[in-house]
Amino acid sequence: MTVVCLDLEGVLVPEIWIEFARKTGIEKLKLTTRDVPDYDVLMKQRIAILKEHNLKLNDIQTVIAGMSPLEGAREFVEAVKKEAQLIILSDTFTQFAAPLMAQLGYPTLFCNDLIIGSDGMIEDYRLRIRDGKRKAVEALRSINLKVIAAGDSYNDLTMIRTADVGAFFRPPESITAENPDIPVFTEHSRFLEFIRASL
């Protein structure tokens, strides 16, 4: 049996923080794990910016409610689920993901949680487990499952390298230049062919 493990943002849906940055005009919120490899540094920076501008969880959720998956992503998810098991391993948050999961047909999602104050401000975040993407892949392989993994950012690298088969999907050139041995895909149709060939 094979399990396909995918990152969410940048692979199946647009980057939530980038979309929120566009709506608010706050350029610093456009930074993602493509730009800042240390997730803790990135999240602390984001939370500080939100507090500075008095932006609350529901402000972000309003933007997310108007978002849609990337073109072809829903069909891609349905096709993958016919070929293998599918798990989304994401550093997003349960408070963000629900509307997007509904549009993708509710694939299994492992992600993190935000800590929200009584005033609706994001106070902190809680990781499900540190380096959770890699550890999830290791756990799946430990029960004799073959794992195909893909993502687009620095925080996906350990997952991709731990899997039996790994690939990038629409990563920035800086990451591909540093990891020239990892296959790169920019279209869901080509990536689906790669998955089928790897089964």
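**Exercise 1. Asn54 and Asn144**

State whether Asn54 is buried or exposed, and give its relative accessible area.

*Solution.* Asn54 is exposed, with a relative accessible area of 52%. The cut-offs are as follows: buried means under 20% relative accessible area, exposed means over 50%, and partly exposed lies in between, with a 1.4 Å probe and protein chains only. The structure is a predicted model, in which local features need pLDDT of at least 70 and side-chain atom pairs count only at pLDDT 80 or more, while totals for chains, interfaces and linings use all residues. Residues are numbered from 1 along each chain as its sequence is written, and side-chain values use heavy atoms, with hydrogens and water left out.

Step 1: Asn54 is located in the loop between H2 and H3. Helices (H or I, at least four residues) and strands (E, at least two) are DSSP runs, numbered from the N terminus.

Step 2: the phi of Asn54 is positive, about 55 degrees, although Asn54 is not a glycine.

Step 3: Asn144 likewise is not a glycine but has a positive phi, here of about 65 degrees. Asn144 belongs to the loop between H6 and E5, and Asn144 is exposed, at a relative accessible area of 69%.

**Exercise 2. The sheet**

Determine which order the strands of the open sheet have, and which strands stand at its edges.

*Solution.* Step 1: the sheet has seven strands in the order E4-E3-E2-E1-E5-E6-E7, and its pairing is mixed. Strands E4 (122–126) and E7 (184–185) each have a single partner strand, so one side of each is left without a neighbour in the sheet.

Step 2: consider the pairing of individual strands, where two strands pair if DSSP finds at least two bridges between them. E1 (residues 2–6) and E2 are parallel over four bridges, and Val3 stands opposite Gln85 in E2. E2 and E3 (residues 108–116) are also parallel over four bridges, with Thr108 in E3 as the bridge partner of Ile87. E3 and E4, by contrast, pair in the antiparallel sense over four bridges, and Leu114 has Tyr125 in E4 as its bridge partner.

Step 3: helix H6 (residues 132–142) packs on the sheet and touches E1, E2 and E5 (146–151). Contact means heavy atoms within 4.5 Å. The direction of H6 makes about 160 degrees with that of E2; axes are lines fitted to C-alpha atoms, for helices over the stretch in contact, and angles run from 0 to 180 degrees between N-to-C directions. Helix H9 (residues 188–198) lies across E1, E5, E6 (165–169) and E7, and runs at about 180 degrees to E6.

**Exercise 3. Strand E2**

Find how many residues of strand E2 (residues 85–93) are buried.

*Solution.* Step 1: seven of the nine residues of E2 are buried, and the strand is mostly covered.

Step 2: E2, helix H5 (residues 94–103) and E3 form a right-handed β-α-β unit. A crossover is right-handed if, with the strands pointing away from the viewer, the path from the first strand over the helix to the second runs clockwise.

**Exercise 4. Helix H3**

Identify which residues of H3 are buried, and explain why they line one face.

*Solution.* Step 1: the buried residues are Leu57, Ile60, Val63 and Ile64. Seen down the axis of H3, they fall within an arc of 130 degrees, so they line one face of the helix. The arc is that of the directions from the helix axis to the C-beta atoms.

Step 2: an α-helix has 3.6 residues a turn, so residues three or four places apart point the same way.

Step 3: the face turned away from the buried side of H3 carries the exposed residues Thr62 and Ala65. The cover of the buried residues includes H1, H2, H5, E3 and E4.

**Exercise 5. Ile122**

State where Ile122 lies and which residues Ile122 touches.

*Solution.* Step 1: Ile122 lies in strand E4. Ile122 counts as buried, at 2% relative accessibility.

Step 2: leaving aside residues up to four places away in sequence, Ile122 touches Ile47, Leu50, Lys51, Leu57, Ile60, Leu114, Ile115 and Ile116.

Step 3: Ile122 and Lys56 are 66 residues apart along the chain, and their C-alpha atoms are separated by 6.4 Å.
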